[in-house]
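Here is a quick walk through the model, one neighbourhood at a time. Keep the viewer open and follow along.

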Amino acid sequence: LAKNIFEDMSEDMTATLSAVGRCYLFLRCLEQGADRPEISQKRPSENVERAMALIDKRLHKALSVSALADEIGIDRSYLCSIFKRELGCSPQQYILNRKMEKAKYFLSSTAENVQYIAFSLGYDDPFVFSRAFKKVTGVSPSRWRQSGEKK
């Protein structure tokens, strides 16, 4: 898995985004420990990889799991089950996590206001974005920026 990550990072932007997804898988494997070595050897299915790439490509838009499944050409419930099995989270949680990682990046590397960051991540309402950010990180976007945390 780690070898695939580094190979992907040397290719185009889509491959780099795929590598980011694999990094999440790698970290998940580390988190689960050595008692399940078959997980660290498992590569996500083509459908999960396609979904991850589409999510990363469209972080600037509102994303629905149904639309994602339709674009890939599979049933929504099947997409949810393979995400849960292969990544340990739902597609919706994966989307939220990716958006919040991008938000942290924007907060730490730009001076853009929270409203602009919310809109740039597909949120129509900055308050909805702020609540989602706080749910994931435990602090508001403004407080996270003030604390100087870096990803």
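## Two rings on one helix

Start with phenylalanine 129 and phenylalanine 133, which both sit in helix H9 (residues 126-137). They are 4 residues apart, about one turn of the helix. An α-helix has 3.6 residues a turn, so residues three or four places apart point the same way. This is a predicted model, by the way.

Are these two side chains buried or exposed? Phenylalanine 129 is buried, with a relative accessible area of 0%, and phenylalanine 133 also counts as buried at 0%.

## The aromatic cluster

Phenylalanine 133 has another ring partner: with tryptophan 144 it makes an edge-to-face pair, 6.2 Å centre to centre and with 80 degrees between the planes. Phenylalanine 133 belongs to H9 and tryptophan 144 to helix H10 (residues 141-147), so this pair ties together parts that are 11 residues apart in sequence. Tryptophan 144 is buried too, at a relative accessible area of 3%.

Counting through the structure gives 5 aromatic pairs. One of them joins phenylalanine 129 and phenylalanine 133: the ring centres are 6.0 Å apart and the planes sit at 45 degrees, so this pair is tilted. Which residues do ring pairs link into a cluster? The members are Tyr123, Phe129, Phe133 and Trp144.

## Valine 114 and its neighbours

Valine 114 lies in helix H8 (residues 114-120). Its relative accessibility is 17%, and since buried means under 20%, valine 114 makes the cut.

What does valine 114 touch, leaving out residues up to four places away in sequence? The list is Leu107, Phe129, Ser130, Pro141 and Ser142. Phe129 is one of the cluster rings, and Leu107 is one of the buried residues of H7. For a backbone view, valine 114 and phenylalanine 127 are 13 residues apart in sequence and 9.4 Å apart in space, C-alpha to C-alpha.

## Helix H7

H7 covers residues 91-109, which makes 19 residues. From its first C-alpha to its last it reaches 27 Å, close to the 27 Å expected at 1.5 Å a residue.

Buried positions in H7 include the nonpolar Pro91, Ile95, Leu96, Met100, Ala103, Phe106 and Leu107. Charged residues turn up among the buried ones as well, including Arg98, Lys99, Glu101 and Lys104.

## H6 and its two crossing partners

Now over to H6 (residues 76-87) and H4 (residues 46-57). Their axes come within 10 Å and cross at roughly 95 degrees, and H4 and H6 are therefore roughly perpendicular to each other. On the H4 side, Asn47, Val48, Ala51, Met52 and Ile55 make the contact; on the H6 side, Tyr78, Leu79, Ile82, Phe83, Glu86 and Leu87 do. By class, that contact of H4 with H6 has 9 nonpolar, 1 polar and 1 charged residues.

How do the axes of H5 and H6 cross? At roughly 95 degrees, coming within 8 Å, so H5 and H6 are roughly perpendicular to each other. Here Val65, Ser66, Leu68 and Ala69 in H5 meet Arg76, Leu79 and Cys80 in H6. The class count for the contact of H5 with H6 is 5 nonpolar, 1 polar and 1 charged. Leu79 appears in the contact with H4 and in the contact with H5.

## Isoleucine 74 in the loop

The loop between helix H5 (65-72) and H6 holds isoleucine 74. At 16% relative accessibility, isoleucine 74 counts as buried.

Leaving aside residues up to four places away in sequence, isoleucine 74 touches Asn47, Ala69, Leu79 and Ile82. Asn47 belongs to H4, while Leu79 and Ile82 belong to H6; Ala69 is in H5. Isoleucine 74 and asparagine 47 are 27 residues apart in sequence, and their C-alpha atoms are 8.3 Å apart in space.

## The whole chain

Zooming out, the secondary structure comes to 10 helices and 0 strands. Buried residues make up 38% of the 151 residues in the chain. Of the contacts with a separation of 6 or more, 55% come from residues 24 or more positions apart.

Technical notes
Residues numbered from 1 in each chain as written. Predicted model: local features only at pLDDT ≥ 70, side-chain atom pairs only at ≥ 80, totals over all residues. Heavy atoms only, no water. Axes fitted to C-alpha atoms, helices over the stretch in contact; angles between N-to-C directions. Parallel < 35°, antiparallel > 145°, perpendicular 65-115°, else oblique. Contact = heavy atoms within 4.5 Å. Buried < 20%, exposed > 50% of the residue type's maximum accessible area, 1.4 Å probe, protein only. Expected span 1.5 Å × (residues − 1). Phe/Tyr/Trp six-rings, centres within 6.5 Å; stacked < 30°, edge-to-face > 60°.
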